[in-house]
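Colleague: I should like a close look at a single part of this model, namely the sheet. Please explain how its strands are arranged and what packs on it.

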Amino acid sequence: MHSTLIVARMDPASSIDVARLFGAFDATEMPHRMGTRGRQLFRYQGLYFHLQDFDADNGGELIEQAKADPRFVAISDDLKPFIEAYDPKTWRSPADAMATRFYHWEASA
């Protein structure tokens, strides 16, 4: 499994709206199209964390392919009033807001 973590800014009061938008999006086949196995959203003191799990390390490629889908465009637009870039000066795409994992551990089977 491969995970990505996007970090951005969000007013904590927006969490209900953001969760609703993702709930509707995740009820479609879009997560499957993007290879998404799971999604978790977190908030902490004005920050937004979007943890997305994929079957393989090709989630970024699948998301790139899905970007032209009207449903992907719609959720991106719908989230704009609620989610701001962590660093607006350097942000061009969600890839610019991805945290870098520097340690990973899993229990053995």
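Modeller: The following account begins with the whole chain, then turns to the sheet, and ends with the helices.

This is a predicted model. The chain has four helices and four strands, and from the N terminus on these elements follow one another as β-α-α-β-β-α-α-β. The radius of gyration of the chain is 14 Å, close to the 13 Å given by the globule rule for 109 residues, so the chain is as compact as a globular protein of that length. Its C-alpha atoms fill a box of roughly 40 × 30 × 25 Å along the principal axes.

Let us now consider the sheet. It is open, and its four strands stand in the order 2-3-1-4 with antiparallel pairing. Strand 2 (36–44) and strand 4 (83–85) are at the edges and have a single partner strand each, so one side of each lacks a neighbour in the sheet. On average, neighbouring strands are turned by 40° against each other, direction ignored.

The pairings may be taken in order across the sheet. Strand 2 pairs with strand 3 (residues 47–54) in the antiparallel sense, over eight bridges. Within this part of the sheet, Arg43 stands opposite Tyr48 of strand 3. Strand 3 is also joined to strand 1 by eight bridges, and these two strands run antiparallel. Here the bridge partner of His2 is Phe54 in strand 3. Lastly, strand 1 and strand 4 pair over three bridges, again in the antiparallel sense, and Arg9 stands opposite Glu84 in strand 4.

What packs on this sheet? Helix 1 (residues 15–26) does so, touching strand 1 (2–10), strand 2, strand 3 and strand 4. The direction of helix 1 makes about 175° with that of strand 2.

A second helix deserves attention for its buried side. In helix 4 (residues 70–79), the residues Phe72, Ile75 and Leu79 are buried. These three cover an arc of only 65° around the axis, which puts them on the same side of helix 4. In general, an α-helix has 3.6 residues a turn, so residues three or four places apart point the same way. The N-terminal end of helix 4 is capped by Asp69, with a side-chain oxygen 2.8 Å from the backbone nitrogen of Arg71.

Two totals for the chain complete the account. Of its 109 residues, 31% count as buried. Among contacts in the chain with a separation of 6 or more, 68% come from residues 24 or more positions apart.

Definitions and conventions
Residues numbered from 1 in each chain as written. Predicted model: local features only at pLDDT ≥ 70, side-chain atom pairs only at ≥ 80, totals over all residues. Heavy atoms only, no water. Pairing = 2+ DSSP bridges. Axes fitted to C-alpha atoms, helices over the stretch in contact; angles between N-to-C directions. Contact = heavy atoms within 4.5 Å. Buried < 20%, exposed > 50% of the residue type's maximum accessible area, 1.4 Å probe, protein only. Arc of directions from axis to C-beta. Polar contact = N/O pair within 3.5 Å; in protein donor to acceptor, adjacent residues only side chain to side chain. Rg over C-alpha atoms; globule rule 2.2 N^0.38 Å.
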